[in-house]
Amino acid sequence: DTIVSCDAFLYVYFSSSSDKVLLRSNSTNPPVLGLCYLAVRLQNCVRDQVNTSGRTTDSTSRKMYSFMGGGLFCAGVGNILLVVSTATDYWMQYRRSGNFMHQGLWRYCVPGKCYLHTESIAYWDATRVFMILSLLACFIGIIIGFLAFMQYSSFTKFDRTFAAGILYFISCLFVLLAMAIYTAVTINSFGKRYGNWRFSWSYIIGWVAVVLTFFAGIFYMCAHRLHESPQNSSPR
């Protein structure tokens, strides 16, 4: 039992095994006894609320770390795939003059040798630009996301989780535009000129990067909502 002193005359014995309060006092003033009882009850309610708030904060922190960790993983893998997809020469393969050839955004290859694209074709240029912009947005998002992961409790006016999430969505939009442009023009162009052709693995991992950057943005937006929830629910 915990002994709580009230004024100089009152002792309140608060039993932990039941809700019964035993009072012993040299004073016969009922209002004093009632006020002391209310004070003890209020003290215990505040202590319980503090303990509950601490457990809620710890749970929220773990969830935030989980979401940010998942977002960083998706963004990191997506950024690697964007680099590989943009740099490699296997966006499509086709047969020409009895030989299989393949090409990327920068070069086309015949058996045993590769050559740079010398023609300035609009859809190639657009695809290159959007892929590079997607790469940059994802890379900057990873840096900001990592800072958010390391120092999430020191956010002030600039919320890094929100900024990283927006950058991942921008990266996803850019790579989606690049893939859509390349797909539409290639189907209309090569589908009519060559009968035996197909998209290859550089093109496929570009679509995988679309999915990964999108989920990276989702994860960081969830972390942002968790970061904002305690602030919105706290009394002002």
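# A five-stranded sheet, strand by strand

Reader: In what order do the strands of the open sheet come?
Author: This is a predicted model, and five strands make up an open sheet in it. The pairing is antiparallel, and the order reads β7-β6-β5-β4-β8.

Reader: Which strands stand at the edges of that sheet?
Author: Look for strands with a single partner, because one side of such a strand is left without a neighbour in the sheet. That fits residues 113-116 and residues 197-199. So the edge strands are β7 and β8.

Reader: By how much are neighbouring strands of this sheet turned against each other on average?
Author: Direction is ignored for this one, and the figure is an average over neighbouring strands of the sheet. The turn comes to 20°.

Reader: How many bridges join β4 to β5?
Author: These two strands run antiparallel. One of the pairs puts Q93 across from H102 in β5. In total, the bridges joining β4 to β5 number five.

Reader: Moving on to β5 and β6, what is the bridge partner of H102 in β6?
Author: β5 covers residues 99-103 and β6 covers residues 107-110, and they pair in the antiparallel sense over two bridges. A hairpin of three residues joins the strands. Q103 sits opposite Y108, while the partner of H102 in β6 is C109.

Reader: Which residue in the turn between β6 and β7 has a positive phi?
Author: β6 and β7 are antiparallel too, with four bridges between them. Among the facing residues, V110 is opposite K113, and R107 has L116 as its bridge partner in β7. The hairpin has two residues between the strands, and the one with a positive phi, about 95°, is G112.

Reader: Which residue forms a salt bridge with D89?
Author: The whole structure has two salt bridges. In the one with D89, the closest N and O atoms are 2.5 Å apart. The partner is R107.

Reader: How many residues apart in sequence are the parts that this pair ties together?
Author: D89 is in the loop between α1 (30-87) and β4 (92-96), whereas R107 is in strand β6. The salt bridge therefore ties together parts of the chain whose separation in sequence is 18 residues.

Reader: Which helix gives the most to the nonpolar patch on the surface?
Author: The patch is made of W106, L116, V129, I132, L133 and L136, with about 530 Å² of accessible area together. L136, for one, has its place in helix α2. With four residues in the patch, the top contributor is the helix spanning residues 122-150, α2.

Reader: Over which residues does pLDDT stay under 50 with zero contacts beyond four places in sequence?
Author: The mean pLDDT of the protein is 76, and 66% of the residues reach 70 or more. Residues 1-28 stay under 50, but the model has 45 contacts beyond four places in sequence for them. The stretch with zero such contacts, also under 50, is residues 49-56.

Conventions
Residues are numbered from 1 along each chain as its sequence is written. This is a predicted model: local features need pLDDT of at least 70, side-chain atom pairs count only at pLDDT 80 or more; totals for chains, interfaces and linings use all residues. Side-chain values use heavy atoms; hydrogens and water are left out. pLDDT is the predictor's confidence in each residue, from 0 to 100. Contact means heavy atoms within 4.5 Å. Two strands pair if DSSP finds at least two bridges between them. Axes are lines fitted to C-alpha atoms, for helices over the stretch in contact, and angles run from 0 to 180 degrees between N-to-C directions. Patches are made of residues with over 30% relative accessible area and no salt bridge: like charges are joined within 9 Å, nonpolar side chains (Val, Leu, Ile, Met, Phe, Trp, Tyr) within 5 Å. Accessible areas come from the Shrake-Rupley method with a 1.4 Å probe; for residues, only the protein chains shown count as cover. A salt bridge is a side-chain nitrogen of Lys or Arg within 4 Å of a carboxyl oxygen of Asp or Glu.
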